[in-house]
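Me: I would like to learn how to read a few features of a protein model. Please take them one at a time, with the general idea before the case.

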Amino acid sequence: MSKARVYLVGTGPGDPDLLTVKALRLLQNSDVVVYDRLVSDEILEQIPPGASRIYVGKRTGKHTLPQQEINALLVKLAASKRTIVRLKGGDPFVFGRGSEEAEYLARHQVPFEVIPGITSASACTTYAGIPLTHRGLAQGVQIITGHCRADLPLDLDWRSLADPSKTIVVYMGLANIALICDRLMQAGLAEETPAAAIQNGTTREQRRIISTLARLPRDTCEQGLTAPVLFVIGRVVRLAGVLDWFRPGEISTPNLLPVQNRGQHG
Ligand SMILES: C[S@@+](CC[C@H](N)C(=O)[O-])C[C@H]1O[C@@H](n2cnc3c(N)ncnc32)[C@H](O)[C@@H]1O
């Protein structure tokens, strides 16, 4: 029997058809799957019936399993199971704590592999009709977190972020969007800079708000957006009207590859 291995697998931000072929194969051959909140039901349906599922996300009124306990769980599972799949929304190495888990596994001599996923900065913007770069509009992209560890202020380099030639993508920014927009304007980014909010990107529930830097916090609040939300700030948002190709209501039934080892369900 081969040695146990932990696979840190990115699932993309929602649309199950954005799962990579490698991620799907691993999922369909898993012995145990550890997953959290941002992994969709359609993706979980790909887990074979014989495999165990362990949810480590937030339950109503309760907190997510602390990261230290998730790390320890993965090491413990590696002692008894062969193929352990740790599912992560988007990409495991983009604000996904995948690197913390990988570090812990490495320190405990547990073999692991990391399977990249499509991160929300790429997929949600694309499904919202916003290219991250566009000749003449944006020559680069700055990906930032809008959230800091508890009680710490959001201490970012606002001066270098306020660059009109670059697109800014904000993850986990819902609670701090007013502060983020204020700081960017104080650092010199124009009030009229186009800006967007995307809720539940790439899914049937996707919502998109097109606004400006000055109005974004108010629009986000008035429209009642709830997590997960991704913010995009920069001139590329101007293209959202022309490139608006995605119709959330018309999404077809997911057409994932057939499950190979599902027994009577296959
Ligand atoms: C903890 S981070 C995880 C990011 C993930 N590893 C990735 O690569 O996309 C969670 C944040 O990702 C963004 N996000 C993830 N999925 C999203 C979605 N379907 N729609 C909008 N934003 C999303 C939101 O900003 C959310 O607060």
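Reply: Start with burial. A residue counts as buried if 20 or more other C-beta atoms lie within 10 Å of its own. Bear in mind that this is a predicted model.

Me: Which residues of helix α1 are buried?

Reply: In α1, which spans residues 21–28, the buried residues are A23, L26 and L27. They sit on the same side of α1, because they cover an arc of only 100 degrees around the axis.

Me: What covers the buried residues of α1?

Reply: The cover includes the strands β1 (5–10), β2 (32–35), β4 (83–88) and β5 (112–115).

Me: How is the protein divided into domains?

Reply: Domain bounds come from an automatic or database assignment. Here domain 1 covers 5–118 and domain 2 covers 121–240. Eight residues from domain 1 and eleven residues from domain 2 make the contact. On the side of domain 1 that touches domain 2, five residues are nonpolar, two are polar and one is charged. The C-alpha centres of the two domains are 28 Å apart.

Me: Where does the ligand lie relative to domain 1 and domain 2?

Reply: To place a ligand, look at what surrounds it. Both domain 1 and domain 2 give residues to the shell around the ligand, so the ligand lies between them. The shell holds 23 residues, and the closest are G90, G96, T119, S120 and G201. Two elements give two or more residues to this shell: α5 (120–127) and β10 (229–233).

Me: How many residues of each class are in the shell around the ligand?

Reply: Twelve are nonpolar, nine are polar and two are charged.

Technical notes
Residues numbered from 1 in each chain as written. Predicted model: local features only at pLDDT ≥ 70, side-chain atom pairs only at ≥ 80, totals over all residues. Contact = placed C-beta atoms within 7 Å. Nonpolar A, V, L, I, M, F, W, Y, C, P; charged D, E, K, R; others polar. Near = placed C-beta within 6 Å. Helix = DSSP H or I, 4+ residues; strand = E, 2+ residues; numbered from the N terminus. Buried ≥ 20, exposed ≤ 12 C-beta atoms within 10 Å, placed from the backbone. Arc of directions from axis to C-beta.
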